[in-house]
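Got your viewer open? Load the model and get ready to click through a few selections.

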Amino acid sequence: MNTVLQARPRNFVSTPTLERTTLRALRYLQSGYSIHLKGPAGTGKTTLALHLADLLARPIMLLFGDDEFKTSDLIGNQSGYTRKKVVDNYIHSVMKVEDELRHNWIDSRLTLACREGFTMVYDEFNRSRPEVNNVLLSALEEKLLVLPPSNNRAEYIRVSPHFRAILTSNPEEYCGVHGTQDALQDRLITINMPEPDELAQQQILVQKVGIDGSAALQIVQLVKAFQSAVAPDMVSSLRPSLMIATICHDHGILPLAENADFRDLCSDILLARSKEPAPDATRHLWNLFNRFVVSQAELVNDLTLKPEAPPTARFHGEEEDDAPAPPLEDLIETVSQEVVVDDEPEAQVLQVEEPAVPVIPEVQSETVVKLPAEPEALVEEAPQAEASVSDASFNDDIETRIFDYLDATGTASLATIEAALGLNRFQMVNALRSMLDQSLIEKQETDGQPTGYQLSSN
């Protein structure tokens, strides 16, 4: 039994580059030619193939290449027997018996698609052995499908003029991939599918996952930076970006480098794609986190954050303490933890300093990871982790300065106040949270997004 599909790719994202590729491929298909989408894994070949098949408005037969395929898996084979027995006793003294035994032939997907004029999507066809795909040669060129000899049916099927084939393939250097015979390539129009650019990937994440555009761009940039620095052999950065964005969106994980859940998620998805030793790849990833902590200052204002205890940075694979997390009130002094990586010949210490006071929903504290391997690169980032102040009078002074500034200006954003008063992010977070709790100030919002702070009207 063969299943006919009427497939429509979910949330197909059309970027200008992809739109041009789609238009070219559709022209070739409408002119009667079959096409071959060739490129690395994760570049959207299968999705585009199903989208093109849907644009042709014909039923779809979907096949997946397999090294165990035989020609019969494409065109069909004999399956069982049909027995017919006729007993003639018209003359009571004469008995005539006819006994006939026939093979049953069952069409496979290619035969049905050729006969009925369906669109065949043959995904990763070069994972099947080349001799298996030879049956496509006559179907694509002479428009005849050759079947095994039989007394019960025709040995040739004339291919319907509506039949089209859309083939996809991975590069031949991939594991489990066979070379494609020249005769078959000569009958196809091959379109190379490069990896989508940064803007296209951002649009794909926004439209397919529903994640915020700024957050999508941060995820794409982080994955591409990891690919460039640590995993140049990574086949594609789009698929891991989609994984990270989907999980962040489904579970409310903020895509900020200072978020411990986000760091763990990126570590689980990205580190396995690097061929470097795990400690080296981990160190490079954490260096990227440090750089992104600084660059994500504006993104903190764009996202609606939930208040949570400051995360404890640790290497991927290190277990968290089983003891319950201390309440925020106990985290008045700056916390300093040491995590030792046992995989190195010489133990390396990961030192984390964190703000210990609560954070307001609009912003989140920044956790900076210090690594001894690159002391110069982290000198500029270290001051941003020194935000915990235990002197209540100093906090009151900051609140007074903020109050006076808002009284003079009216409404100002967090970044504007921070720059005008020469405060760092953590001092601003603590002071604004305290003033909000005291109803001294209130947030001004536009379309549900915080745009600034002003003195309370109460």
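Here is a short tour, starting with the whole chain and then moving to a few helices.

**Stop 1: everything**

Keep in mind that this is a predicted model. Show the cartoon for the whole protein and you have 16 helices and 15 strands in view. Color by burial next: of the 458 residues, 44% are buried. Now switch on a surface; the protein exposes about 23500 Å², with 49% of that supplied by carbon and sulfur atoms. If you like contact maps, take the contacts with a separation of 6 or more: 70% of them join residues 24 or more positions apart.

**Stop 2: helix H2**

Select residues 45-55, which is H2. Is this helix mostly enclosed or mostly open? Eight of its eleven residues are buried, so H2 is largely enclosed by the rest of the structure. Show side chains for the buried set: Lys-45, Leu-48, Ala-49, Leu-50, His-51, Leu-52, Ala-53 and Asp-54. Yes, Lys-45 and Asp-54 really are on that list.

What do these buried residues pack against? Add helix H1 (16-30) to the selection, then four strands: S1 (34-38), S2 (60-64), S5 (119-123) and S8 (164-169). Before leaving, step past the end of H2 to Ala-57 and check its backbone: phi is positive there, near 60°.

**Stop 3: H8 against H9**

Hide the rest and select 213-229 for H8 and 238-251 for H9. Their axes come within 9 Å and cross at roughly 140°. That is short of the cut-off for roughly antiparallel, over 145 degrees, so H8 and H9 count as oblique to each other. The crossing is right-handed.

Which residues meet here? On the H8 side, pick Ile-219, Val-220 and Val-223; on the H9 side, pick Pro-240, Ser-241, Ile-244 and Ala-245. Six residues of this contact are nonpolar, one is polar and none is charged.

**Stop 4: H7 against H9**

Keep H9 on screen and bring in H7, residues 198-209. The axes of this pair come within 10 Å, crossing at roughly 35°, and the crossing is right-handed. From H7, show Gln-201, Ile-204, Leu-205, Lys-208 and Val-209; from H9, show Leu-238, Ser-241, Leu-242, Ala-245, Thr-246 and His-249. Color this contact by residue type and you get six nonpolar, four polar and one charged.

One last click: label Ser-241 and Ala-245 of H9. Both take part in the contact with H8, and both turn up again in the contact with H7.

Terms used. Residues are numbered from 1 along each chain as its sequence is written. This is a predicted model: local features need pLDDT of at least 70, side-chain atom pairs count only at pLDDT 80 or more; totals for chains, interfaces and linings use all residues. Side-chain values use heavy atoms; hydrogens and water are left out. Helices (H or I, at least four residues) and strands (E, at least two) are DSSP runs, numbered from the N terminus. Buried means under 20% relative accessible area, exposed over 50%, partly exposed in between (1.4 Å probe, protein chains only). Contact means heavy atoms within 4.5 Å. Accessible areas come from the Shrake-Rupley method with a 1.4 Å probe; for residues, only the protein chains shown count as cover. Axes are lines fitted to C-alpha atoms, for helices over the stretch in contact, and angles run from 0 to 180 degrees between N-to-C directions. Angles under 35 degrees count as roughly parallel, over 145 as roughly antiparallel, 65 to 115 as roughly perpendicular and the rest as oblique. A crossing is left-handed if the near helix is turned anticlockwise from the far one by less than a right angle, and right-handed if clockwise. Ala, Val, Leu, Ile, Met, Phe, Trp, Tyr, Cys and Pro count as nonpolar, Asp, Glu, Lys and Arg as charged, and the others, Gly among them, as polar.
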